[in-house]
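The following exercises practise the reading of side-chain interactions from a structure. Please attempt each task before reading its solution.

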Amino acid sequence: RFCIMKHPQAMTVIAVRAPNQIRYGKKKDETAAERTLRLYATELHEWNHRYWQQQNQQFINLKQQLLTEIDGIEGEEEVERIMGEFYRSYLLSNKDNFNSYTSQWRKYNLRLIYLSARAQGSRIVRTVRNSVSRSK
């Protein structure tokens with residue numbers, strides 16, 4: 001089953017098979033810069049998905065382990081306090097990892113912006129060249 005969306009970096013339609021699977025559309029007359037952008041955007045999406053899938057699984061496993069350990073504790077306030085401590089310690093223990101991810105994500109997105117501009121420029125140049133050659 002597909003969900004069709006418009007994506008600005010792909011400059012064309014994207015077919016989404018599942019929430020985590022995106023295929024960027026390929027134009028028939030795709031320029032080299034557009035191809036580079038499409039492949040990079042796909043790679044970046046997959047990298048991002050793998051990172052968060054791993055983080056979420058780690059968090060779920062640790063949380064499930066804690067819930068099993070505190071199963072016999074009575075009192076909603078005590079459980080909330082323990083869970084609050086768990087969330088805080090999880091975030092603090094992963095601070096360096098999250099900061100590293102954020103730094104890489106920013107770097108990769110700056111490159112994506114550059115590639116998008118380059119692809120758009122190549123499309124404009126191609127359009128102008130075709131227009132000039134037709135007028136001759």
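**Exercise 1: Salt bridges**

The structure, which is a predicted model, holds five salt bridges. Side chains of opposite charge can pair when their charged atoms come close.

Task: Determine how far apart the closest N and O atoms of R123 and D29 are, and which parts of the chain this salt bridge links.

Solution.
Step 1. The closest N and O atoms of R123 and D29 are 2.9 Å apart. The cut-off for a salt bridge is 4 Å, so the pair qualifies as one.
Step 2. R123 belongs to helix 3, while D29 is in the loop between strand 3 (21-24) and helix 1. The two residues are 94 residues apart, and the pair links distant parts of the chain.
Step 3. R123 has a relative accessibility of 15% and counts as buried. D29, at 39%, counts as partly exposed.

**Exercise 2: Salt bridges within a helix**

Task: Find the salt-bridge partners of R81 in helix 2 (residues 76-93), and explain how their spacing relates to the helical turn.

Solution.
Step 1. One partner is E78, with the closest N and O atoms 2.5 Å apart. Another is E85, for which the corresponding separation is 2.3 Å.
Step 2. E78 and R81 are three residues apart in helix 2, so about one helical turn separates them. R81 and E85 are four residues apart in helix 2, and therefore they too are separated by about one helical turn.
Step 3. The relative accessibility is 30% for E78, 40% for R81 and 45% for E85. Buried means under 20% and exposed means over 50%, so E78, R81 and E85 each count as partly exposed.
Step 4. Elsewhere, salt bridges that share partners join D29, E34 and R123 into one network.

**Exercise 3: Aromatic pairs**

A pair of aromatic rings is described by the distance of the centres and the angle of the planes.

Task: The structure holds 14 aromatic pairs. Classify the pair W52 and Y101 by its geometry, and then classify the pair F86 and Y87.

Solution.
Step 1. The rings of W52 and Y101 lie 5.2 Å apart, centre to centre, with 80° between the planes. An angle over 60 degrees counts as edge-to-face, so this pair is edge-to-face.
Step 2. W52 is in helix 1 (residues 32-69) and Y101 is in helix 3, 49 residues apart, so that the pair links distant parts of the chain. W52 is partly exposed, with a relative accessible area of 32%, whereas Y101 is buried at 8%.
Step 3. In the pair F86 and Y87, the ring centres are 5.6 Å apart and the planes stand at 55°, so the pair is tilted. F86 is buried, with a relative accessible area of 11%, whereas Y87 is partly exposed at 34%.
Step 4. Ring pairs link these residues into a cluster with others: W47, Y51, W52, F59, F86, Y87, Y90, F98, Y101, W105 and Y108.

**Exercise 4: Contacts of two buried residues**

Task: State which residues N48 touches and which residues F98 is in contact with, leaving aside neighbours within four places in sequence.

Solution.
Step 1. N48 lies in helix 1 and counts as buried at 19% relative accessibility. N48 touches Y101 and W105, when residues up to four places away in sequence are not counted.
Step 2. F98 is found in helix 3 and is buried, with a relative accessible area of 18%. Apart from neighbours within four places in sequence, its contacts are Y51, W52, Q55, Y90 and L91.
Step 3. F98 and Q55 are 43 residues apart along the chain, and their C-alpha atoms are separated by 9.6 Å.

**Exercise 5: A charge over a ring and a surface patch**

Task: Identify the ring over which R111 lies, and name the residues that make the nonpolar surface patch of about 260 Å².

Solution.
Step 1. R111 lies over the face of Y40, at 5.4 Å from the ring centre.
Step 2. The nonpolar patch is made by I124, V128 and V132. V128 is in helix 3 (residues 95-135).
Step 3. V128 has a relative accessible area of 47% and is partly exposed. Residues of a patch need over 30%, so V128 passes that cut-off.

Terms used
Residues are numbered from 1 along each chain as its sequence is written. This is a predicted model: local features need pLDDT of at least 70, side-chain atom pairs count only at pLDDT 80 or more; totals for chains, interfaces and linings use all residues. Side-chain values use heavy atoms; hydrogens and water are left out. Patches are made of residues with over 30% relative accessible area and no salt bridge: like charges are joined within 9 Å, nonpolar side chains (Val, Leu, Ile, Met, Phe, Trp, Tyr) within 5 Å. Accessible areas come from the Shrake-Rupley method with a 1.4 Å probe; for residues, only the protein chains shown count as cover. A salt bridge is a side-chain nitrogen of Lys or Arg within 4 Å of a carboxyl oxygen of Asp or Glu. Buried means under 20% relative accessible area, exposed over 50%, partly exposed in between (1.4 Å probe, protein chains only). Rings of Phe, Tyr and Trp (its six-membered ring) pair if their centres lie within 6.5 Å; planes under 30 degrees apart count as stacked, over 60 as edge-to-face and the rest as tilted. A charge sits over a ring if NZ of Lys or CZ of Arg is within 6 Å of the ring centre and within 35 degrees of the ring normal. Contact means heavy atoms within 4.5 Å.
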